[in-house]
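Work through the exercises below with the sequence and the model open. Each task is followed by a solution in steps.

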Amino acid sequence: MIKDNVKNILKGLPEGVDLVGAAKTRTPQEMLEAIEAGLEILGHNYVQEAERAFDVVGSQAKWHMIGHLQSNKAKKAVKIFDMIETIDSAKLARAIDRGCGNIDKNMSILIEINSGEEPQKAGVMPKDAVSLIKEISVLEHVKVMGLMTMGPFTGDPEDARPYFQKTRGIFEQIKRLNLPGVEMKYLSMGMSNSYKVALEEGANMVRIGTNIFGERT
Ligand SMILES: *Cc1c(COP(=O)(O)O)cnc(C)c1O
């Protein structure tokens, strides 16, 4: 099942699009099955759960943090993850920078955009994205590599389209600024129900859980 799902999704993705297997609540065995079928990146939402899985799966995949990260977990997170997709404050970026400095590592990060401008949600507000990225760009051990967004969830993928378009607009705007130390390479948007719309709107990284591993129980 998992293997067929991964193969089918990979077959349907355009060249140059990265698939992140959103693995929250899944067992290491399920993750390994997906990797065997060609999945190269695992996405995790919780540091502790990721640590347990990392003991089994290790570097057979790249590890992306896709959940909200608290600064006090930064030290643990930097040991496991190859990319953190959910940076939304300078404080968090500095914590990652310090943690990386201690272990002599450089971290690729994406800036999470709160494209729905929902007060209770994670992510930086669109109007604050440029100043946040400028502030982060001077840090030595983190490198801004693009943007990530969730967007409000309604269940109808068409409802997500305007938020994907808005995030794409910010992505292009920042790219044009040519900020030193900043590379706008990855645009991470779209989940199981919405990734096809996200691809139409320029995503080159999609985060898919349910369509790979089945419904979460
Ligand atoms: C769980 C999750 C996904 C994948 O969701 P599915 O609907 O299961 O595909 C994508 N992105 C983030 C940030 C998630 O937490």
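## Exercise 1: A polar side chain in a strand

In this predicted model, the side chains of Ser188 and Glu85 form a polar contact of 2.7 Å.

Task: place Ser188 in its element, decide whether Ser188 is buried or exposed, and list what Ser188 touches.

Solution.
- Step 1. Ser188 lies in strand 7, which runs over residues 182-189.
- Step 2. The cut-off for buried is under 20% relative accessible area. Ser188 has 0% relative accessibility, so Ser188 counts as buried.
- Step 3. Leaving out residues up to four places away in sequence, Ser188 touches Glu85, Leu110, Leu147, Met148, Thr149, Met205 and Arg207.
- Step 4. Gly202 is 14 residues from Ser188 in sequence, and their C-alpha atoms are 9.2 Å apart in space.

## Exercise 2: A threonine in a helix

Task: find the element that holds Thr167, and state whether Thr167 is buried or exposed.

Solution.
- Step 1. Thr167 belongs to helix 7 (residues 157-177).
- Step 2. Its relative accessibility is 0%, so Thr167 counts as buried.
- Step 3. Apart from neighbours within four places in sequence, Thr167 is in contact with Ile113, Ser115, Leu147, Thr149, Leu187 and Met189.
- Step 4. Leu147 and Thr149 are among the contacts of Thr167 and also among those of Ser188.

## Exercise 3: The nonpolar cores

Task: which residues of the largest nonpolar core touch the most other members, and which helix gives the most to this core?

Solution.
- Step 1. The largest nonpolar core has 66 residues, and Ile96, Ile111, Ile136, Leu147 and Ile212 touch the most other members.
- Step 2. Helix 5 (residues 90-103) gives the most to this core, contributing 6 residues.
- Step 3. A second core, separate from this one, has 8 residues, including Ile41, Met83, Leu110 and Met148.
- Step 4. Take Ile212 from step 1: not counting residues up to four places away in sequence, Ile212 touches Ile2, Asn5, Val6, Ile9, Leu19, Gly21, Ala34 and Leu39.

## Exercise 4: The two faces of helix 3

Task: which residues of helix 3 are buried, and which exposed residues does the face turned away from them carry?

Solution.
- Step 1. Helix 3 spans residues 47-57, and Val47, Ala50, Ala53 and Val57 are buried in it.
- Step 2. These residues cover an arc of only 125° around the axis, and therefore lie on the same side of helix 3.
- Step 3. The face turned away from the buried side carries the exposed residues Gln48, Arg52 and Asp55.
- Step 4. The buried residues of helix 3 pack against helix 2 (28-36), strand 2 (41-44), strand 3 (62-65) and helix 4 (74-80).
- Step 5. Gly58 follows helix 3 and has a positive phi, near 50°.

## Exercise 5: The ligand site

Task: how many residues surround the ligand, and which are the closest?

Solution.
- Step 1. The ligand is surrounded by 13 residues, the closest being Lys24, Asn45, Ser192, Gly209 and Thr210.
- Step 2. Oxygen atoms of the ligand lie 2.5 Å from a side-chain N or O atom of Ser192, 2.6 Å from one of Thr210 and 2.8 Å from one of Arg216.
- Step 3. Taken alone, the ligand exposes 390 Å², of which the protein buries 92%.

## Exercise 6: Positive phi outside glycine

Task: where is Asp104, and what is its phi?

Solution.
- Step 1. Asp104 sits in the loop between helix 5 and strand 5 (107-113).
- Step 2. Its phi is positive, near 55°, in a residue other than glycine.
- Step 3. With a relative accessible area of 72%, Asp104 is exposed.

Terms used. Residues are numbered from 1 along each chain as its sequence is written. This is a predicted model: local features need pLDDT of at least 70, side-chain atom pairs count only at pLDDT 80 or more; totals for chains, interfaces and linings use all residues. Side-chain values use heavy atoms; hydrogens and water are left out. A nonpolar core is a set of buried Ala, Val, Leu, Ile, Met, Phe, Trp, Tyr and Cys residues joined through side-chain atoms within 4.5 Å. Buried means under 20% relative accessible area, exposed over 50%, partly exposed in between (1.4 Å probe, protein chains only). Helices (H or I, at least four residues) and strands (E, at least two) are DSSP runs, numbered from the N terminus. Contact means heavy atoms within 4.5 Å. The arc is that of the directions from the helix axis to the C-beta atoms. A residue is near a molecule or strand if one of its heavy atoms lies within 4 Å of it. A polar contact is a pair of N or O atoms within 3.5 Å; within protein, one must be able to donate a hydrogen and the other to accept it, and residues adjacent in sequence count only if both atoms are side-chain atoms. Accessible areas come from the Shrake-Rupley method with a 1.4 Å probe; for residues, only the protein chains shown count as cover.
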